[in-house]
Amino acid sequence: MSETGTYIFCGIQSEKPLEGLSVELEGETRELYTIHYKDAAMVAAKAPMKIYHPKKDNLMMHQKVVSQVMEHYDTVIPVSFGNVFKTDDDVAVLLENLYPQFSKLFPEIKGKIEVGLKAIGKQNWLEQQARENPEISKAQKSAAGKSEAAAYYDRIKLGGAAQNLFKSLQKEMEREMFEPLNEIAVASKKNDPISEKMLLNAAFLIDRDQEKAFDQKVNEIHDKWQDRLDFSYSGPWAAYNFVNIKLTVEDG
């Protein structure tokens with residue numbers, strides 16, 4: 001039998017114990033419970049003491065718990081996947097160490113959720129943009145009919161022209177999507193694209209009471225651009241992109 005440890009999922013602002021929630025972890029249904037310090041608590045479950053690999057099932061298990069907790073609490077601080085400590089006492093020490101950060105974060109994220117928006121250019125539209133781009137056309141014509149060696153610098157120019165086009169499209173999406181949504185959001189963050197056709201990869205922190213207005217604006221953007229872009233709109237999540245906490249237990 002492997003040693004049992006304490007797996008933590010998220011922090012909440014609560015002095016009362018969590019009751020009635022559970023998680024399927026390592027093939028068993030395990031009760032979720034809380035470890036407290038003042039008005040802060042960590043949501044935890046007993047689990048084998050091991051390294052948890054970020055496989056899809058494991059990540060979904062972690063996110064499912066955080067989503068469950070968000071249905072019951074309006075102040076949830078996300079904790080990254082796979083953190084398991086030897087004992088509840090270790091988690092209590094961690095929470096005491098983190099409390100100054102938690103007490104600052106609680107009012108900042110109370111009643112707020114994170115949503116994500118990705119916009120990916122459709123192949124036919126991107127190809128049309130490339131055909132109509134003077135810089136790319138000029139580089140293509142210059143390279144046409146030349147030997148591979150002779151066209152070497154033209155191909156470099158062509159690559160640079162394509163990069164410039166992509167950057168200009170990303171700037172356009174920033175104006176068309178990111179900026180209008182940022183006006184509704186409490187905070188926002190642009191993340192790096194995760195595919196070569198992705199023109200926007202953004203996260204927004206919004207008040208729960210602004211969720212409907214935000215959804216409406218996303219729908220307006222989708223209606224305008226749906227023939228040129230594919231959209232991925234996700235959430236609500238805990239504020240993963242807006243919280244940066246290092247989980248370490250200080251030696252005392």
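This tour goes through four places to select in the viewer, in a model that is predicted.

**Stop one: V65 in helix α1**

Begin by selecting residues 56–72, which form helix α1, and pick out V65 within this helix. With a relative accessible area of 1%, V65 is buried, because buried means under 20%. If you then show the neighbours of V65, leaving aside residues up to four places away in sequence, you will find that V65 touches F9, V23 and L32. Add A44 to the selection as well: although V65 and A44 stand 21 residues apart along the chain, their C-alpha atoms are separated by 9.7 Å.

**Stop two: the two sides of helix α3**

Next, select residues 123–131, which make up helix α3, and colour W125, L126 and Q129, which are buried. Turn the view until you look down the axis of α3, and the buried residues fall within an arc of 100 degrees, so they line one face of the helix. This spacing can be followed by counting along the chain, because an α-helix has 3.6 residues a turn and residues three or four places apart point the same way. Now rotate to the other side of α3, where N124 and R131 are exposed.

**Stop three: the cavity**

How many cavities of 30 Å³ or more does the structure hold? There is one, and the volume of the largest cavity is about 50 Å³. To display its lining, select M70, Y73, D74, T75, V76, I109, K112, R208, A238 and A239. Colouring this lining by class gives six nonpolar residues, one polar residue and three charged residues.

**Stop four: aromatic rings**

Finally, show the aromatic side chains, for which a search of the whole structure finds eight pairs. Select F178 and F204, whose ring centres are 5.5 Å apart and whose planes meet at 40 degrees, so the pair is tilted. F178 belongs to helix α5 (residues 152–184) and F204 to strand β10 (residues 198–207), so this pair ties together parts that are 26 residues apart in sequence. Are these two rings on buried or exposed residues? F178 counts as buried, at 9% relative accessibility, and F204 likewise counts as buried, at 0%. To end the tour, add F214 and Y233 to the selection, and you will have a cluster in which ring pairs link F178, F204, F214 and Y233.

Methods: Residues numbered from 1 in each chain as written. Predicted model: local features only at pLDDT ≥ 70, side-chain atom pairs only at ≥ 80, totals over all residues. Heavy atoms only, no water. Buried < 20%, exposed > 50% of the residue type's maximum accessible area, 1.4 Å probe, protein only. Helix = DSSP H or I, 4+ residues; strand = E, 2+ residues; numbered from the N terminus. Arc of directions from axis to C-beta. 1 Å grid on protein atoms, 1.4 Å probe; cavity = no way out; pocket = protein on both sides within 12 Å on 5 of 7 lines; lining within 4 Å. Points joined across faces, edges and corners; volume = space filled by probe spheres on them. Nonpolar A, V, L, I, M, F, W, Y, C, P; charged D, E, K, R; others polar. Contact = heavy atoms within 4.5 Å. Phe/Tyr/Trp six-rings, centres within 6.5 Å; stacked < 30°, edge-to-face > 60°.
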